[in-house]
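Thanks for coming, everyone. I'd like to walk through one model today. Please have the sequence and the structure up.

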Amino acid sequence: MFVRAPGSRLPALLATGLLTTLLVTGCGQDDDPSVAAPSAAPTSAAAPTTTPTATNSPTPSASPSTPAVDREITVTIAKRRVNPPTGRVTVGKGESIRITVTSDVDDELHVHGYDLGARLPAGVAGSVEFRADKTGLFEVETHDSELVLFQLVVR
């Protein structure tokens, strides 16, 4: 006969509860206060950018309302195609980062690990800015279309 101590199931129950909580509170919350409205006003339609804008120096055309950043990453989505193609972007720990995304359909941008996001109305650029203060590999994706835009590597 096999007899268990009354408290031997407690660790398993706690682990199951924690896992359930993490899955339920995943990254799909629309009421997340870090999800911002798009930062750019609508403009006339332009041809999609074919290469990302990534600089290691402050943006030279930065105005007082658009602070300079160490690194700017620009992505365009058209017909479920990510441009530039999905890959890795490496930045240094402590750099100021701006990610700007324009999509041809309404969507939501999300930066995993930093829990940042921005709404992406169709045809309107949405941006997130942050200091890369956590090292690691972080996916940058869209929620509704579930596209991985790139993996951000912070070293």
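**Charges, core and turns**

E108 is buried, with a relative accessible area of 5%. Keep in mind that this is a predicted model.

So what does E108 form a salt bridge with? The partner is R119, and the closest N and O atoms are 3.6 Å apart. E108 sits in strand β6, residues 107-111, and R119 sits in strand β7, residues 116-120, so the pair ties together parts that are 11 residues apart in sequence. R119 has a relative accessibility of 36%, which counts as partly exposed. So this bridge has a buried acid, E108, and a partly exposed base, R119.

The count of salt bridges comes to four. Let me take you to R98 next.

R98 is buried, at 5% relative accessible area. Which residues are linked with R98 in a network of salt bridges? They are E72 and E129.

Take E72 to begin with. R98 forms a salt bridge with E72, with 3.2 Å between the closest N and O atoms. This pair links distant parts of the chain: R98 is in strand β5, residues 96-103, while E72 is in strand β2, residues 71-78, and they are 26 residues apart. Both R98 and E72 are buried.

Now E129. The side chains of R98 and E129 also meet in a salt bridge, at 2.7 Å from N to O. R98 lies in β5 and E129 in strand β8, residues 126-131, so this pair ties together parts that are 31 residues apart in sequence. Is E129 buried or exposed? Neither in full: E129 is partly exposed, with a relative accessible area of 39%.

A general remark here. Side chains of opposite charge can pair when their charged atoms come close.

On to the nonpolar side. In soluble globular proteins, nonpolar side chains tend to be buried together. Here, the largest nonpolar core has 25 residues. Those with the most contacts inside this core are I99, L109, F130, L149, F150 and L152. Which elements give two or more residues to the core? They are β2, β4 (88-91), β5, β6, β7, β8, β9 (136-142) and β10 (148-154).

Look at I99 in the viewer. Leaving out residues up to four places away in sequence, I99 touches I73, L109, V111, G126, S127, V128, F130, V140 and F150. Among them are L109, F130 and F150, which are also on the list of residues with the most contacts inside the core.

Which strand gives the largest share of the core? That is β10, with four residues. Six of the seven residues of β10 are buried, so this strand is largely enclosed by the rest of the structure.

What does β10 pair with? β4 and β10 pair in the parallel sense, over four bridges. In that pairing, V89 stands opposite L152 of β10. β9 and β10 run antiparallel and are joined by six bridges. There, E141 has V148 in β10 as its bridge partner.

Now the hairpin of β9 and β10. Five residues lie between the strands, and E146 takes a positive phi near 55°. E146 is not a glycine. It is exposed, with a relative accessible area of 65%.

S145 is in that loop between β9 and β10 as well. Unlike the exposed E146, S145 is buried, at 15%. The side chain of S145 makes a polar contact with the side chain of T142, at 2.7 Å. Beyond its neighbours within four places in sequence, S145 is in contact with R80 and D107.

That brings us to R80. It is found in the loop between β2 and β3. R80 is not a glycine, yet has a positive phi of about 65°. At 53% relative accessibility, R80 counts as exposed; the cut-off for that label is over 50%.

One last backbone feature. Where is the cis peptide bond? It runs from N83 to P84, with omega near 5°. P84 is placed in the loop between β3 (81-83) and β4.

To recap. E72, R98 and E129 are linked in a network of salt bridges. β10 gives the largest share of the core and pairs with β4 and with β9. R80 and E146 each have a positive phi. I'll take questions now.

Conventions. Residues numbered from 1 in each chain as written. Predicted model: local features only at pLDDT ≥ 70, side-chain atom pairs only at ≥ 80, totals over all residues. Heavy atoms only, no water. Buried < 20%, exposed > 50% of the residue type's maximum accessible area, 1.4 Å probe, protein only. Core = buried A, V, L, I, M, F, W, Y, C linked by side-chain atoms within 4.5 Å. Contact = heavy atoms within 4.5 Å. Polar contact = N/O pair within 3.5 Å; in protein donor to acceptor, adjacent residues only side chain to side chain. Pairing = 2+ DSSP bridges.
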